[in-house]
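Morning, everyone. Here is the structure I want to walk through today. Please have the viewer open.

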Amino acid sequence: MKFKRQIFGFQDMLRFKKLVPNRRAALAAGSDKPLPETYRVNQQAGRLHPGVMEVELTAVRPLAPGMKELTFRRLDAGAFPFFRAGQYVSLQGRVGESLVSRPYSIVSSPRQALENKLALGVADAGFFSGWLNREARPGDRFRMTEPSGEFHYETLRDGRQIVCIAGGAGITPFLSMARSMAEGDEPYQMLLFYGARTEAQLAFRAELDALAEKGLRVVYVLSDETKAGFEHGFVTAELLEKYVDIRTSSFFLCGPQAMYDFLDAQLAPYGLPRKAVHRDASCCPNLRLEAPRVFRLTVHVRDQIFSMEAAEHETLLTAMERAGVPAPNRCRAGGCGYCHSKWLSGEFRIAEGRDGRREADRKFGWIHPCVTYPMSDMELEVPAEK
Amino acid sequence: MEKRTTRAYDAVVIGAGNGGLTAAIRILQGGFSCLVLEKHNLPGGFATSFRRGRFEFEASLHELNDFGSAQEPGEIRELFRSLGVEDKIEWLRIPEAYHLITTDKQYDCVMPFGVQAFIDRMEEYVPGSRKSMEAFFELCEEVRAAQAYSSSVNGETDAAYMKKNFPNFIRAGSYSVNEVLDSLKMPARARDILNAYWCYLGVDCDRLSFLHYGSMVIRYITRDAWMPKMRSHEISLALEERIRELGGEIWYHSPVSKIHADGPGAITAVELADGTQIPTRHVIANCSPHLVFGTMLDKGAVTEPMVRATNSRAFSGRGFSLFLGLNKSAQELGIKSHNYFIYDTADSADQYDRMRRVETNHVQATVCLNNAFPGCSPEGTCMMYFTTMFMSDDWGNVADTEYFKAKDRMADDMIRVFERETGCRIRDSIEEIAVASPTTYARYCGHPQGVIYGYEAAEWDSLMPRMMMIKEDAQLFPGLRFAGGWAMRSSGYSSSYVSGDLSGRQTVGDLKREVR
């Protein structure tokens with residue numbers, strides 16, 4: 001063939017010859033205005049996803065026996081990011097020689113975040129949470145990761161009728177979800193079952209009763225007390241049936257493992273699809289071992305090397321925190337991938353049901369230290385703290 | 001803040017994306033020391049995957065161009081072979097080229113791989129198209145041969161040799177896709193169907209260089225398209241492992257805030273956000289010149305030509321993707337193809353215009369990965385991802401409080417259009433959903449405005465003059481080269497690997513000259 005577009009082929013050739021001079025001229029003809037330092041969409045990304053925030057504790061309020069509400073304001077900016085109700089933040093502090101952090105569900109609403117107010121409900125359980133309950137005072141400063149997590153309503157996945165079931169301290173994300181609904185930011189109708197041992201152990205009664213005026217339906221379920229106006233026992237399928245059509249609802253569960261196991265058994269006969277039931281993740285616990293061995297853990301962070309002890313029943317993340325080595329982490333449940341680290345040597349095991357790694361991570365030797373326990377001396381490479 | 005200084009490296013690569021990883025391997029293979037600095041906690045840039053429930057989603061790769069089989073390797077497989085990563089990755093072949101649907105003219109065409117099969121299928125859809133299609137592929141073959149020659153002489157082509165051996169390449173070389181197809185007297189319907197791949201390059205066919213498009217199409221049609229089995233994360237980790245094997249280092253969570261230079265062409269160090277100083281004289285940036293010249297490089301070293309050249313260029317598409325994990329199999333849902341292009345209109349210039357605004361953009365390039373790799377998700381499920389681009393910063397008008405709703409609305413529209421055009425009902429089967437907006441892309445890789453396609457390769461800034469000016473462009477700031485989607489080869493997986501390869505090897509050349 002002979003391709004040509006103009007009458008004479010040499011005209012086409014001439015055009016080709018001009019490609020470079022044309023581009024050279026266009027590059028030189030660009031504006032000499034200084035290049036932008038930032039861009040609108042990137043600024044929004046920075047507001048919605050600030051990464052780590054500097055915060056100050058502004059108020060501590062008892063909620064129920066063994067549970068407090070901690071309210072924070074941000075020091076590095078004038079507002080917290082707008083988030084999806086149901087999400088958590090990881091609060092990070094230093095207790096003695098240890099760097100510690102824990103994820104907590106946000107109880108305030110996304111709108112309140114814009115007023116530079118973010119509240120967490122913290123139950124007095126575990127090392128850091130216990131310390132927060134007993135020792136934290138207004139004025140104390142912490143680091144906090146941006147709101148994240150997938151435990152929230154999804155418009156295109158979930159039904160309009162959502163059934164939220166809270167066990168004990170698991171009430172926290174539902175406060176935010178109910179508030180967000182009341183503020184018009186969520187399209188769902190929310191029915192909340194809130195289980196506790198006794199009425200005195202119910203947190204946020206006044207808030208929930210006020211939200212009930214704005215469309216929230218709440219059913220309090222007491223296991224150890226029988227009282228008028230309260231359901232008695234556990235949240236059973238029979239109880240759910242009294243209030244809602246189980247088959248057409250989307251479920252959000254937050255509570256202890258025992259509650260999940262109980263509800264799984266209650267809901268099993270309905271054969272609900274996976275998409276209908278969402279569970280909030282919980283922190284990966286220590287293993288229960290008779291006489292845990294202690295190994296040597298070597299950690300590379302950029303060009304620095306740290307050496308420390310690592311107990312067999314504690315996660316690699318815990319070992320690093322005990323030694324004061326800053327290791328990135330958020331969910332502590334194996335799922336968010338933020339602690340993604342390179343395995344270099346040694347044997348390990350991963351907490352059952354918590355291996356949230358990608359397929360290629362397994363192939364090329366990457367792990368999530370927040371759910372991984374050592375079984376020999378180990379060597380890791382961990383990303384620097386941002 | 002304590003300013004720690006680390007050891008010196010022969011070269012520092014900023015960004016562990018496709019281009020940066022490739023460049024780093026080239027530097028190390030050349031016998032020089034190299035440190036890769038990555039702001040995120042894993043390698044790959046957009047070449048990654050993420051887990052939701054029982055699904056592992058591919059973040060961005062639709063199909064790898066110019067890969068080919070082990071027996072008939074394309075350039076990218078050969079590149080991977082020479083990088084030493086080909087065998088670290090399990091590869092699978094994509095079954096068909098594409099499934100084009102347009103709303104306006106009601107096209108519903110499934111195009112196969114293989115030149116003969118492609119021409120035959122086109123003749124079925126558009127009787128009388130055969131001659132022009134044969135001419136098209138003949139022209140494309142010449143484009144490919146000319147490019148192979150150009151690569152073999154590192155871009156320093158001999159004009160007389162080119163004229164003698166590749167006259168059609170030169171005569172067609174300055175024209176757009178549509179201008180060339182018009183000269184080939186291709187029937188309009190055949191042109192519409194053939195132009196379906198345009199969204200992969202993000203430029204409408206009135207402005208897209210024929211050489212650019214032709215060289216991509218011929219590679220798809222003759223070499224098929226391929227995928228790594230474990231999503232693109234497998235490629236990224238394989239390249240990462242290769243860097244370690246060669247003695248290189250990668251630091252994660254290590255965003256570069258400054259490139260220090262005593263003056264133009266005299267880089268002294270890069271600085272991390274925490275103040276750490278890393279001495280080096282050579283930088284390969286796997287990020288945009290807008291960021292490098294606008295915020296990273298010492299102000300005193302930024303020259304007027306750099307500013308003018310950077311300002312003259314146009315941002316390409318800002319990305320938007322929807323990821324669905326469905327609780328029924330592709331077969332149950334009636335999803336037959338792997339790779340759909342669904343356009344409002346077959347007129348690419350009109351379509352491009354509609355993509356400027358969020359409201360009027362209904363284009364989607366949609367993949368059902370199970371139709372290439374049934375085992376990619378559990379039995380009885382399937383995975384889909386839908387991608388579009390905005391050709392302006394309209395997305396920036398979304399307020400923070402409307403952000404999640406705006407993502408939902410766009411995702412809802414993508415599902416609506418897919419269901420309407422294919423007749424497959426997927427909405428009720430959504431088990432997992434994730435949405436990435438330009439804001440997500442801006443956050444993830446730091447690209448200005450959430451651009452995923454680098455600079456628009458159109459008109460004066462099209463691929464051919466870019467390639468002919470590699471040397472000249474690098475003179476803008478000696479010691480600094482670019483790799484990845486913002487570099488000379490423009491965006492896309494294969495192009496990013498190639499730009500990483502070029503910039504890596506050229507930096508090795510610079511280093512060798514220095515040693516001498």
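How many residues of domain 2 of chain B are in contact with domain 3 of chain B? There are 20 from domain 2 of chain B, and they meet 20 residues of domain 3 of chain B. Keep in mind that this is a predicted model.

Where do those domains sit in the chain? Domain 3 of chain B is a single stretch, 114–221. Domain 2 of chain B is assembled from 50–72, 82–112 and 317–452. Domain 1 of chain B is also split, into 11–41, 252–313 and 459–515. Between domain 2 and domain 3 of chain B, the centres are 26 Å apart, taken over C-alpha atoms.

Now the domain 2 side of that contact. Three elements of chain B give two or more residues each: β6 (98–102), β7 (108–111) and α15 (348–354). Which of them gives the most? That is α15(B), with four residues. By residue class, this side has 14 nonpolar, four polar and two charged.

Next, a helix pair in chain B. Helix α12 of chain B covers residues 289–296, and helix α13 of chain B covers residues 304–311. They pack at about 140 degrees, with axes 10 Å apart. Why call α12(B) oblique to α13(B)? Because roughly antiparallel starts over 145 degrees, and the angle here is about 140 degrees, α12(B) counts as oblique to α13(B). The crossing of the two is left-handed.

Which side chains should you look up there? From α12(B), take Pro289(B), His290(B) and Phe293(B). From α13(B), their partners are Met306(B), Val307(B) and Thr310(B). That contact divides into four nonpolar residues, two polar and no charged.

Over to the contact between the chains. Chain A puts in 60 residues, and chain B puts in 68 residues. On the chain A side, α1 (9–17), α2 (19–28), α3 (40–48) and α11 (359–364) each supply at least two residues. What is the make-up of that side of chain A? It divides into 26 nonpolar, 10 polar and 24 charged.

Last, chain A as a whole. Its secondary structure comes to 11 helices and 19 strands. The radius of gyration of chain A is 26 Å, whereas a compact globule of 386 residues would come in near 21 Å. Along the principal axes, the C-alpha atoms of chain A fill a box of roughly 95 × 55 × 50 Å.

That's the tour.

Conventions:
Residues numbered from 1 in each chain as written. Chains lettered and ligands numbered in written order. Predicted model: local features only at pLDDT ≥ 70, side-chain atom pairs only at ≥ 80, totals over all residues. Contact = placed C-beta atoms within 7 Å. Nonpolar A, V, L, I, M, F, W, Y, C, P; charged D, E, K, R; others polar. Domains from an automatic or database assignment. Axes fitted to C-alpha atoms, helices over the stretch in contact; angles between N-to-C directions. Parallel < 35°, antiparallel > 145°, perpendicular 65-115°, else oblique. Left-handed = near helix turned anticlockwise from the far one by under 90°. Rg over C-alpha atoms; globule rule 2.2 N^0.38 Å.
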